[in-house]
Amino acid sequence: MIRFDRASKRYPPGIDALADVSFEIGQGELVTLSGHSGAGKSTLLKLIAGIERPTGGAVLVNGQNVGSLKRGAIPYLRRNLGLVFQDQKLLFDRSVFDNVMLPLSITGFPAAEAKRRVQAALDKVGLLAREKAMPIMLSGGEQQRLAIARAVVGRPNLLLADEPTAHLDAATAADVARVFLEFREVGVTVLIATYDDRLFGAPRRLTLDHGRLAA
Amino acid sequence: MSAWLLQHGQALRLALRRLVATPVNTLLSLLAIGIALALPAGGQMLLANALQLARNAAPAPQISLYLDLGADRRAVQDVEARLKAHPSVKSARLIAREETLARMKASEGLGDVIEALPKNPFHDAFVITPADDAPQAMEQLAAELRKLPKIGHVQLDSDWVRRLDALLRIGRTGVLLLMLLLGAGLVAVTFNTIRLQVLSGRAEIEVSRLLGATDAFIRRPFQYHGALLGLLGGLVAWLLVAGTTLWLAAPVTEVASLYRSGFVLQPLSATDSLALLAGAAALGWLGASLSVRQHFTDR
């Protein structure tokens with residue numbers, strides 16, 4: 001599913017965000033990614049989504065070498081991924097429903113089928129009753145769940161999340177974590193960068209330390 | 001195919017929503033584009049009318065041939081015979097000097113002046129219709145006629161038509177120049193309008209990109225926006241020109257009737273109107289494309 005082969009990312013002027021990272025994640029696994037702030041967790045997720053390109057080694061997703069993908073092919077890679085961003089990146093000028101609709105509009109889904117899917121995704125994260133609300137009216141936990149709904153509405157086989165439970169109180173964080181566990185149940189591969197991997201049961205854990213994978 | 005149509009429909013709807021969402025900006029842009037395009041469009045309307053007028057007013061080009069004052073009857077008959085035999089002359093009509101004198105005497109006001117003259121000041125003349133009325137052929141025929149005996153003066157009556165033609169050519173060049181300049185202006189106006197739209201929609205563009213939107217998907221609503229601005233601006237220009245035509249129609253008809261002409265000012269032709277709208281939409285699309293492309297490369 002995901003394979004890093006001695007991948008590294010160096011930002012000018014010579015700062016190694018990731019160095020010599022190798023690992024493999026299989027289909028249907030739930031893996032957490034931990035490490036101190038600035039250890040390279042976000043960079044690692046960005047390499048998978050093609051937001052950044054590795055400066056050394058290879059990153060393979062579904063057998064595709066992401067680093068060597070043409071610019072025009074990146075959008076199609078991302079359509080198979082569900083991304084939950086640290087800062088959520090919700091659009092505050094449109095309703096909850098329309099936020100979740102966006103990925104389906106991008107892929108050109110027929111309207112009736114798209115509507116059903118959006119409602120199913122909102123139902124999954126417990127936000128169906130709030131579909132007409134604007135994101136600003138949602139609590140922190142609800143906004144996080146909205147971001148998850150948007151990530152999964154396209155039914156990706158790989159879900160990437162960057163600190164999805166940061167800034168949430170314990171009960172809400174557990175709530176959000178449960179949503180991820182449910183996706184693992186239905187065969188979605190999940191990779192979560194988090195400080196608090198106890199929330200996700202006892203998953204396989206990758207730990208980064210100053211850009212290197214700790215044993 | 002249906003997904004493609006769906007996406008274009010979505011982009012068009014989004015573009016319309018954005019046009020309506022900023023009504024003041026949209027109206028100002030439309031006015032700027034409309035006034036800019038009204039200049040070449042109006043020029044084209046006037047030019048087409050001038051061409052029409054010239055075509056109706058111009059008689060078949062002729063050559064006037066004046067004989068020497070001293071030419072006697074035999075010389076006149078000699079020239080007439082030569083003209084009849086000339087292959088480039090379609091027809092030649094004699095206007096005898098006595099005939100001219102009689103006509104001038106009969107005309108109001110001139111009678112007394114003519115009467116006071118000691119002798120007939122008019123020449124015998126031929127009005128010649130050439131077989132070929134192309135300017136060069138007529139030029140050549142005139143040169144040949146000048147070599148005939150007892151010829152005083154040969155005048156090409158096509159001169160003023162050619163002058164008018166040259167003037168119209170200047171007019172056409174002027175309209176073309178206006179079109180190029182103000183077309184570039186339209187591209188600049190849409191470029192700027194769309195740039196502001198792109199800047200205010202930056203968050204949406206960034207998120208869409210992260211969710212797998214292609215460049216074409218992001219570009220499309222802006223291109224429709226630009227094309228709509230151009231199209232509606234073209235419509236404003238068309239209305240301005242049509243209004244001007246209506247406004248001018250009555251006074252022009254009045255002037256024409258004073259000159260005993262049935263000339264009526266025509267509005268912009270259907271072909272010109274379509275070209276105006278299509279051209280404006282295309283330039284709007286171009287301005288938007290350039291604007292979005294610049295944003296993409298700026299990133």
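This passage describes the interface between chain A and chain B, the surroundings of one residue of chain A, and a surface patch of chain B in a predicted model.

The size of an interface is often given as the accessible area lost when the parts come together. In the predicted model, chain A and chain B bury about 1,700 Å² between them, and carbon and sulfur atoms account for 60% of this area. Of the area that chain A buries against chain B, 32% is supplied by R71(A), R78(A) and I106(A), more than by any other three residues. In terms of contacts, 20 residues of chain A meet 19 residues of chain B.

Polar interactions also link the two chains. Between chain A and chain B, 7 residue pairs are in polar contact, both residues having pLDDT of 80 or more. The number of salt bridges between chain A and chain B is 3. A salt bridge is formed by the side chains of R94(A) and E204(B), with an N to O distance of 3.0 Å. On the side of chain A that touches chain B, the elements giving two or more residues are α2 (74–78) and α3 (96–107) of chain A. The most is given by α3(A), with 5 residues.

Within chain A, E142(A) was examined in its local setting. This residue lies in helix α5, which spans residues 140–152 of chain A. The relative accessible area of E142(A) is 16%; because this value is under 20%, the residue is classed as buried. When residues up to four places away in sequence are not counted, E142(A) touches L127(A) and R130(A). With R130(A), the side chain of E142(A) makes a side-chain polar contact of 3.4 Å. The side chain of E142(A) also reaches a backbone atom, the nitrogen of S139(A), at 2.9 Å. The surroundings of E142(A) thus include a side-chain partner in R130(A) and a backbone partner in S139(A).

In chain B, a nonpolar surface patch of about 330 Å² is made by L232(B), L235(B), W238(B) and L239(B). Of these residues, W238(B) is placed in helix α9 of chain B, which covers residues 215–258. The relative accessible area of W238(B) is 31%. Because patches are made of residues with over 30% relative accessible area, W238(B) meets this requirement at 31%. The residue is nevertheless classed as partly exposed, because exposed residues have over 50% relative accessible area.

Technical notes: Residues numbered from 1 in each chain as written. Chains lettered and ligands numbered in written order. Predicted model: local features only at pLDDT ≥ 70, side-chain atom pairs only at ≥ 80, totals over all residues. Heavy atoms only, no water. Patch = residues over 30% accessible without salt bridge, like charges linked within 9 Å, V, L, I, M, F, W, Y side chains within 5 Å. Areas by Shrake-Rupley, 256 points an atom, 1.4 Å probe, with all protein chains shown as cover. Salt bridge = Lys/Arg side-chain N within 4 Å of Asp/Glu carboxyl O. Helix = DSSP H or I, 4+ residues; strand = E, 2+ residues; numbered from the N terminus. Buried < 20%, exposed > 50% of the residue type's maximum accessible area, 1.4 Å probe, protein only. Polar contact = N/O pair within 3.5 Å; in protein donor to acceptor, adjacent residues only side chain to side chain. Contact = heavy atoms within 4.5 Å. Buried area = accessible area lost by both parts, 1.4 Å probe.
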